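Me: I am new to this structure and would like to get to know it step by step. Could you walk me through it?

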Amino acid sequence: MNRIMNFSRDLVGVLASPEEALSRVKELGVENQGLYLYVFLSAFLGYMIGGLISAATGAGIMVPVLFALVGLIVSFIKLIVWALISHIIAAVVFEGKGTFAGTLKMMGFAAAPFVVGIFAIITLTLLGTFFTSSMLFVVMYIWTVMIAAAAVAVEHEMGYGRAFLSVFALPAIIITLLMMLVGVL
């Protein structure tokens, strides 16, 4: 029971004050909790989306399970790619001091706002509030980027601005340039 209470307290800490909470996580050496959190919340969010689709279409119970599995795999691949790009930019461009493994583990805490996504699905299912649910998803994604930036800042011992550039701005430019290149070909 004590572990559950600590997990809840830590989750609220990451949501309320990410830099402080992630610094404490790094000091205690429990960065692996970020990956556990990411796996759990990704699978649960996938299950909720699958449940919503199953309820709307009348499909069987396997749809939520399948969505949980696919959501877990896709989101973990996304986390690895995102952490790799962010680590390379932080380490090479801004001369950060962190490791890729540390970046990956710390960026797992960026899943904490998925709780807002779960709440968005619940409001959509129970109340049919499409606009409110959409806005909650927007808040979830913005909050996820902010926590990821705090994770990179703590792992690479750099300022928040450089960490934000490593997590969001420069990867967005790289992805845009790659899409433009693919569009030309």
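Me: Which residue follows α3, and what is the sign of its phi?
Reply: Happy to help, and please keep in mind that this is a predicted model. Helix α3 covers residues 32-57. Just after α3 the phi is positive, near 80°, and the residue there is Gly58.

Me: How far does helix α3 reach from its first C-alpha to its last?
Reply: Helix α3 has 26 residues. At 1.5 Å a residue, a reach of 38 Å is expected. The reach in the model is close to that, at 38 Å.

Me: How many helices and how many strands does the protein have?
Reply: Reading along the sequence gives the pattern α-α-α-α-α-α-α-α. Every element in that pattern is written α, and the count comes to eight helices and zero strands.

Me: What is the radius of gyration of the protein, and what does the globule rule give?
Reply: The protein has eight helices and zero strands. For its 185 residues the globule rule gives 16 Å, and the model comes close to that, so the protein is as compact as a globular protein of that length. Its radius of gyration is 17 Å.

Me: What share of the residues is buried?
Reply: A residue counts as buried when its relative accessible area is under 20%. Among the 185 residues of the protein, the buried share is 39%.

Me: Among contacts between residues at least 6 apart in sequence, what share joins residues at least 24 apart?
Reply: A contact here needs heavy atoms within 4.5 Å. Of the contacts between residues at least 6 apart, the share that joins residues at least 24 apart is 67%.

Me: How far apart are the end C-alpha atoms of helix α4?
Reply: Helix α4 runs over residues 62-93, which makes 32 residues. At 1.5 Å a residue, that should span 46 Å. The distance in the model agrees, at 45 Å.

Me: Is Leu72 in α4 buried, exposed or partly exposed?
Reply: Several residues of α4 are buried, including Leu79, Trp82 and Ile89. For Leu72, the relative accessible area is 24%. Buried needs under 20% and exposed needs over 50%, so Leu72 falls in between and is partly exposed.

Me: Which residues does Leu72 touch, leaving out those up to four places away in sequence?
Reply: Leu72 lies in helix α4, while helix α3 covers residues 32-57. With residues up to four places away set aside, Leu72 touches Val39, Ser42 and Ala43.

Me: Where is Glu95, and what is its phi?
Reply: Glu95 is found in the loop between α4 and α5. It is exposed, with a relative accessible area of 66%. Most residues other than glycine have a negative phi. Glu95, however, has a positive phi, near 55°.

Me: Which residue follows α7, and is it buried or exposed?
Reply: The 27 residues of α7 should span 39 Å, and its end C-alpha atoms are 39 Å apart, which agrees. The residue after α7 has a positive phi, near 50°, and is Glu157. It lies in the loop between α7 and α8. With a relative accessible area of 56%, Glu157 is exposed.

Me: How far apart are the mean positions of the positive and negative charges?
Reply: The protein has 8 positive and 8 negative charges. The distance between the mean positions of these two groups is 5 Å.

Technical notes: Residues are numbered from 1 along each chain as its sequence is written. This is a predicted model: local features need pLDDT of at least 70, side-chain atom pairs count only at pLDDT 80 or more; totals for chains, interfaces and linings use all residues. Side-chain values use heavy atoms; hydrogens and water are left out. Helices (H or I, at least four residues) and strands (E, at least two) are DSSP runs, numbered from the N terminus. The radius of gyration is taken over C-alpha atoms; the globule rule is 2.2 Å times the number of residues to the power 0.38. Buried means under 20% relative accessible area, exposed over 50%, partly exposed in between (1.4 Å probe, protein chains only). Lys and Arg count as positive and Asp and Glu as negative; His and the chain ends are not counted. The place of a charge is taken as NZ of Lys, CZ of Arg, CG of Asp or CD of Glu. The expected span of a helix is 1.5 Å times one less than its number of residues.
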